[in-house]
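Here is a quick report on a protein and the DNA it sits against. Have the structure open while you read.

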2 protein chains.
Amino acid sequence: MELKKILEDKSKESWEIYLPNLSIDCVVFGFHDATLKVLVLKMKDSLVWSLPGGYVLKEESINDAASRILKVRTGADDIYLQQFRIFGNLNRSEDFFKDYPDTLWHKQRFVSIGFYALVDFSKVIPKVDELSTNCEWKSIEELPEFMMDHRFIFDKALATLRKQLVHKPIGYNLLQEKFTMPELQKLYEIILGKKLNRGNFYRKMLRYDILNKLDETRKGGAHKAPDLYSFSIEKYRKALKNGLNENW
Amino acid sequence: MELKKILEDKSKESWEIYLPNLSIDCVVFGFHDATLKVLVLKMKDSLVWSLPGGYVLKEESINDAASRILKVRTGADDIYLQQFRIFGNLNRSEDFFKDYPDTLWHKQRFVSIGFYALVDFSKVIPKVDELSTNCEWKSIEELPEFMMDHRFIFDKALATLRKQLVHKPIGYNLLQEKFTMPELQKLYEIILGKKLNRGNFYRKMLRYDILNKLDETRKGGAHKAPDLYSFSIEKYRKALKNGLNENW
DNA sequence: TTAATATTGCTTCATAATGAAGCAATAACT
DNA sequence: AGTTATTGCTTCATTATGAAGCAATATTAA
């Protein structure tokens with residue numbers, strides 16, 4: 001069925017069950033193959049991509065709404081979610097729906113709540129829905145063109161991640177349970193947007209005393225097998241309270 | 001006129017001009033007398049206090065709405081404003097308006113956008129409106145009892161301030177143009193919630209190279225007159241980009 | 001007029017953290 | 001068995017921090 005018809009059908013129900021004027025957009029981050037990835041989807045009949053999103057039920061908290069929306073999209077429960085900003089300018093969606101009748105739910109003025117999500121890449125199975133033809137991971141280095149202000153929303157999410165790296169368990173939520181020091185460093189480098197000295201990163205991470213060194217190595221790659229680590233989650237959380245790097 | 005009547009009168013107009021279900025609450029910080037203060041107000045017929053707030057016009061961006069709301073409340077233009085969080089749980093305001101008819105604008109389920117504002121204390125003149133009997137500064141050490149979840153909103157605002165101290169021009173916006181090193185230190189101590197070593201704070205601030213030392217001292221107090229400083233705003237902003245304290 | 005006082009400006013010294021570099025160990029490949 | 005790139009971890013020079021203190025000084029009290 002074509003998009004226009006579907007939207008008009010859904011529109012009727014939407015007015016009944018959702019809070020008007022309020023939407024949620026999620027930037028879902030995953031880490032795989034030494035690359036930071038984002039979950040994007042393409043709507044039917046659209047040339048550009050969008051971020052996963054949805055609306056808030058009339059009797060639902062904002063956080064529950066975001067969880068529900070991502071559950072459908074990824075199949076995963078217990079996703080680490082953080083709201084990071086409101087996108088409330090006028091005319092955010094005007095152009096996109098200009099050919100639709102004014103009574104269409106989607107054509108309202110929406111104020112969107114931006115969430116970012118951190119997921120274990122291996123545990124997510126991207127799912128299309130009746131509105132979309134594609135749902136897939138894209139490297140943040142090679143993002144496609146986005147609809148509306150979704151590129152701006154992504155940029156703000158990444159900037160937030162950068163600033164929160166010392167305050168939120170970002171490594172913990174993006175990496176698999178067992179990971180190597182080079183993987184952790186690569187993740188930090190991508191989020192911070194710069195190369196870090198290997199030896200110094202190693203020394204610093206150990207000094208934070210937030211990692212457990214496991215009695216295993218990651219075999220299989222070429223060259224020397226790196227040691228595996230896991231987070232000592234209690235120590236990690238405790239360290240984050242004051243900020244990993246902050247020394248006043 | 002009693003509150004109930006006023007609310008019912010205003011309610012009719014509100015449905016016409018505002019976006020439904022969406023409100024703004026502002027935590028306005030000022031610094032005076034070596035104390036961090038917050039602007040609070042008391043509604044007519046209410047025993048508890050509230051944060052300044054309001055609604056978003058149908059044809060108005062979120063940031064414009066927050067500016068407009070604070071302009072009315074403080075008389076000040078160009079207030080430094082940051083949205084920091086959404087408060088979107090159910091039943092945020094249910095109890096407060098339980099005796100009112102369901103068609104009352106204020107009785108809707110509201111999702112509130114939390115802003116914090118940083119103002120030069122000396123440039124603000126708190127103003128009551130037709131809904132309120134008091135509008136005044138309170139020290140954050142001696143906050144009164146708040147309505148609804150406003151205490152929670154305040155706590156989150158202060159926690160945000162703490163985390164953003166290295167990334168946002170918080171000192172610049174809270175202090176007067178000319179200030180002394182002990183004033184700056186006191187502000188940092190209050191926001192961080194801990195005492196800092198005087199000599200080390202002094203050395204560190206100078207090393208950041210964000211201050212201009214002026215050829216004046218603050219006379220009048222007892223004891224040695226402290227030197228006056230101003231921010232070198234270009235250098236300050238540049239330093240904040242990487243975070244004042246962050247060394248990866 | 002002078003002394004007392006608390007505060008401020010700034011330095012010193014010991015300790016800790018960082019930047020840059022490198023060496024030995026090693027898993028996979030030839 | 002030798003080659004290679006990567007990893008684990010250390011060293012050394014430099015810089016930052018923590019703790020302490022000394023001299024300067026604006027006001028107040030004597």
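What share of the atoms of DNA strand D within 4 Å of the protein belongs to sugar or phosphate, and what is left for the bases? Sugar or phosphate takes 54% of those atoms, and the rest are base atoms. Keep in mind that this is a predicted model.

## Around DNA strand D

Strand D has 23 residues around it, and the closest are Tyr202(A), Asp227(A), Arg207(B), Gly220(B) and His223(B). Sorted by type, the residues of this surface come out as 11 charged, seven polar and five nonpolar. H6 of chain A and H6 of chain B each put in at least two residues. H6(B) gives the most, with five residues.

Now for some atom-level contacts. On the base side, an N or O atom in the side chain of Arg198(A) is 3.0 Å from a base oxygen of DNA strand D. Asn200(B) also points at a base: one of its polar side-chain atoms lies 3.3 Å from a base nitrogen of strand D. On the backbone side of the DNA, a phosphate oxygen of strand D has a backbone N or O atom of Gly220(B) at 2.8 Å.

## Around DNA strand C

Turn to the other strand, C. Here 23 residues surround the DNA, and those that come nearest are Arg207(A), Gly220(A), Gly221(A), Tyr202(B) and Asp227(B). Within 4 Å of the protein, 54% of the strand C atoms are sugar or phosphate, with bases making up the rest. The surface residues split into 11 charged, seven polar and five nonpolar.

Which parts of the DNA do the protein backbone atoms reach? A backbone N or O atom of Gly220(A) is 2.8 Å from a phosphate oxygen of strand C. From chain B, a polar backbone atom of Asp227(B) is 2.8 Å from a phosphate oxygen of strand C. His223(A) goes for a sugar or linking oxygen instead, with a backbone N or O atom 2.9 Å away from it. As for elements, helix H6 (198-208) of chain A and helix H6 (198-208) of chain B are the ones that give two or more residues to this surface. H6(A) gives the most, with five residues.

## The three-stranded sheets

In chain A, three strands line up as E8-E10-E9 in an open sheet with antiparallel pairing. Why do E8 (179-180) and E9 (211-217) of chain A each have one side without a neighbour in the sheet? They stand at the edges with a single partner strand each, so one side of each is left free of a sheet neighbour. E8(A) pairs with strand E10 (residues 227-231) of chain A over two bridges, in the antiparallel sense. Within that pairing, Thr180(A) stands opposite Leu228(A) in E10(A).

Chain B has an open sheet too, made of three strands in the order E8-E10-E9 with antiparallel pairing. Its edge strands are E8 (179-180) and E9 (211-217) of chain B, each of which pairs on one side only. Two bridges join E8(B) to strand E10 (residues 227-231) of chain B, and these run antiparallel. Leu228(B), in E10(B), is the bridge partner of Thr180(B).

## The annotated domain

An unreviewed UniProt entry places a feature, "domain: Nudix hydrolase", at residues 19-162 of chain A. Over that stretch the chain is 38% strand and 18% helix, and its end C-alpha atoms are 32 Å apart.

How values were computed: Residues numbered from 1 in each chain as written. Chains lettered and ligands numbered in written order. Predicted model: local features only at pLDDT ≥ 70, side-chain atom pairs only at ≥ 80, totals over all residues. Heavy atoms only, no water. Near = heavy atom within 4 Å. Polar contact = N/O pair within 3.5 Å; in protein donor to acceptor, adjacent residues only side chain to side chain. Helix = DSSP H or I, 4+ residues; strand = E, 2+ residues; numbered from the N terminus. Nonpolar A, V, L, I, M, F, W, Y, C, P; charged D, E, K, R; others polar. UniProt positions renumbered as here; feature names shortened; annotations may be inferred. Pairing = 2+ DSSP bridges.
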